[in-house]
Amino acid sequence: MKHIITGILGAAAFGLAASAASADTLDDIKAKGFVQCGVNTGLAGFSSPDDKGDWTGLDVDFCRAVAAAVFGDGTKVKFTPLSAKDRFTALQSGEIDILSRNTTWTINRDTALGLNFAGITYYDGQGFMINAAKLPGVNSALQLSGASVCVQSGTTTELNLADYFKANNLEYNPVVFEKIEEVNAAYDSGRCDAYTTDQSGLYAIRLTLASPADHVVLPEIISKEPLGPAVRQGDDKWFDIVKWTYFALLNAEELGVTKANVEEMKNSANPEIKRILGTEAETKIGTDLGLTNDWVVNIIKATGNYGEIFENNVGSGSPLKISRGINALWTKGGLQYGPPIR
C-alpha cells in the first residue's frame with residue numbers, strides 16, 4: 001500500500017508539473033510583466049533582503065539577469081522566499097517561473113520531480129562548523145562522534161550527514177528544523193555541537209552569529225553540491241532562455257565584457273564580442289531565443305558578468321570574501337565554462 005500511495009503521489013506531482021509547463025512560460029511572463037523567482041528566505045551572499053527589503057545575492061542577481069534578457073530591464077522580477085521543503089512544489093505548481101535558491105542538482109530532482117537545471121552557478125560542497133570556544137580540541141569532522149548536529153530538513157544536507165557518519169562509523173544526534181532561521185537560532189544558542197550545510201552557507205551564517213570569531217568551519221568537504229537554477233520540464237523555450245542567460249554571463253566574463261564597458265564593447269571589431277552583443281550583421285541569435293538581439297547587452301547592464309556577480313555577492317567585494325576557487329573560469333583553472341554563443 002505504501003508503494004502504491006507513493007506512486008500515486010509522485011505521478012500527481014509530475015502531472016502537476018507537466019500541466020504547469022504546458023503553457024508558453026515566456027508568453028505568460030510577458031503578459032504579467034515580470035519574472036517570478038523563488039529564492040531562499042535569507043542566506044547572505046545568495047538571497048536575502050536588506051534593511052530596505054530589497055533582495056540581494058548571487059541567486060537574486062541571476063534572476064535579475066533573466067529578467068533583463070526578457071524585458072531589457074533587470075528590475076522586472078518579483079521574489080518569492082521559500083523554505084527547502086516548499087521550493088519544489090512552488091515551481092511544479094507554477095507559483096514561480098524559476099527556482100534560484102542554492103539548490104543542488106541531483107538525478108532525483110532532474111527526473112522524478114520534473115525539473116530542468118539550467119547550469120551550475122556555484123560549485124559547492126557540504127561542510128561543518130563548530131564553536132571553537134566550546135570545542136577547543138576539535139579540528140576535524142572525524143572528531144565529532146557523539147555530537148549533536150544542527151541540520152535543515154528536506155535537503156540533501158540531511159541525507160549527506162547520515163551517509164558521512166555511517167561511512168565513518170560515527171554516532172551523532174541530528175537536531176532537525178524546517179526553516180533555516182530555526183537552525184541558525186538553535187546553533188547560536190548552543191543547542192548543537194556542530195552545524196552542517198553547504199560550506200558557502202556556513203561562511204554566510206557565521207556572519208550572523210552573536211560571536212562570529214568563536215566559530216570555525218572545519219576543513220572536510222563531504223559531498224558534491226552543484227548549485228544552480230531550475231525550471232519546470234515541458235517548456236524548452238523557457239529552459240533555453242534561462243540556460244543561455246547563464247552561459248552569456250560566463251562568456252561575457254571570458255571576453256572581458258563588463259557592466260562598465262559594455263556600451264564601448266558594442267563597437268569592438270572582435271567577431272566573438274560582436275556576436276555575443278548582437279552587433280554582428282544579420283544576427284538572429286537573440287531572435288531565435290525569442291528575445292531581442294541585444295539581450296546580452298541588457299543582461300550585463302543589469303548585473304555585470306558572472307565574475308562581477310560572484311565578487312559583489314560572495315567574493316572579495318562582499319563580507320563573505322570567498323575565493324573563486326573552482327568557480328573560476330576554465331581559462332583560470334576553474335570549472336566555469338560557457339558553450340559558445342554562435
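Buried means under 20% relative accessible area, exposed means over 50%, and partly exposed covers what lies in between, with a 1.4 Å probe and protein chains only. The exercises below apply this and a few further rules to a predicted model, in which local features need pLDDT of at least 70 and side-chain atom pairs count only at pLDDT 80 or more, while totals for chains, interfaces and linings use all residues. Residues are numbered from 1 along each chain as its sequence is written, and side-chain values use heavy atoms, with hydrogens and water left out.

**Exercise 1. The open sheet**

Work out the strand order of the open sheet of five strands, and find which strands are its edges.

Solution. Begin with the elements themselves: helices (H or I, at least four residues) and strands (E, at least two) are DSSP runs numbered from the N terminus, and two strands pair if DSSP finds at least two bridges between them. Strands of a sheet pair through backbone hydrogen bonds, either parallel or antiparallel. Read in this way, the open sheet has the order β10-β9-β11-β8-β12, and its pairing is mixed. The edge strands are β10 (172–177) and β12 (215–217), each of which pairs on one side only. From one strand to the next the twist averages 30 degrees.

Next, take one pairing in detail: β9 (residues 147–152) and β10 run parallel and are joined by six bridges, and C150 stands opposite V175 in β10.

Finally, add the helices, where contact means heavy atoms within 4.5 Å, and where axes are lines fitted to C-alpha atoms, for helices over the stretch in contact, with angles from 0 to 180 degrees between N-to-C directions. Helix α7 (residues 180–188) lies across β8 (126–131), β9, β10, β11 (194–198) and β12, and runs at about 155 degrees to β9. Helix α8 (residues 199–206) lies across β8, β11 and β12, at about 125 degrees to β11.

**Exercise 2. The surroundings of L82**

Decide whether L82 is buried or exposed, and list residues that it touches.

Solution. L82 is placed in strand β4 (residues 77–82). Its relative accessible area is 5%, so L82 is buried. Leaving aside residues up to four places away in sequence, L82 touches G38, V39, N40, T41, R87, A90, I96, L99 and R101. For L99, the separation from L82 is 17 residues in sequence and 9.4 Å in space, C-alpha to C-alpha.

**Exercise 3. Aromatic rings**

Classify the ring pairs Y164 with F165 and Y306 with F310.

Solution. Rings of Phe, Tyr and Trp (its six-membered ring) pair if their centres lie within 6.5 Å, and planes under 30 degrees apart count as stacked, over 60 as edge-to-face and the rest as tilted. By this rule there are 13 aromatic pairs. The ring centres of Y164 and F165 are 5.9 Å apart and the planes stand at 80 degrees, so this pair is edge-to-face; both residues are buried. For Y306 and F310 the centres are 6.2 Å apart and the planes are at 45 degrees, so the pair is tilted.

The second pair can be placed further, since Y306 and F310 both lie in helix α14 (residues 306–313), four residues apart, about one turn of the helix. Y306 is buried at 3% relative accessibility, and F310 is buried at 0%. Ring pairs also link F46, Y122, Y306 and F310 into a cluster.

**Exercise 4. Charged side chains**

Find the salt-bridge partners of D240, E253 and E263.

Solution. A salt bridge is a side-chain nitrogen of Lys or Arg within 4 Å of a carboxyl oxygen of Asp or Glu, and the count by this rule is eight.

- D240 meets K243 at 3.5 Å, N to O; the two are three residues apart in helix α9 (residues 236–255), about one helical turn, and D240 is partly exposed at 28%.
- E253 meets R324 at 3.0 Å, N to O; E253 lies in helix α9 and R324 in the segment after α14, so the pair ties together parts that are 71 residues apart in sequence. Both E253 and R324 are buried.
- E263 meets K266, with the closest N and O atoms 3.3 Å apart; E263 is partly exposed at 38%, as is K266 at 28%. E263, K266 and K301 are linked in a network of salt bridges.

**Exercise 5. Charges over rings**

Identify which rings K243 and R324 sit over.

Solution. A charge sits over a ring if NZ of Lys or CZ of Arg is within 6 Å of the ring centre and within 35 degrees of the ring normal. The charged end of K243 sits over the ring of F239, 4.6 Å from its centre, and R324 lies over the face of F310, 5.2 Å from the ring centre.
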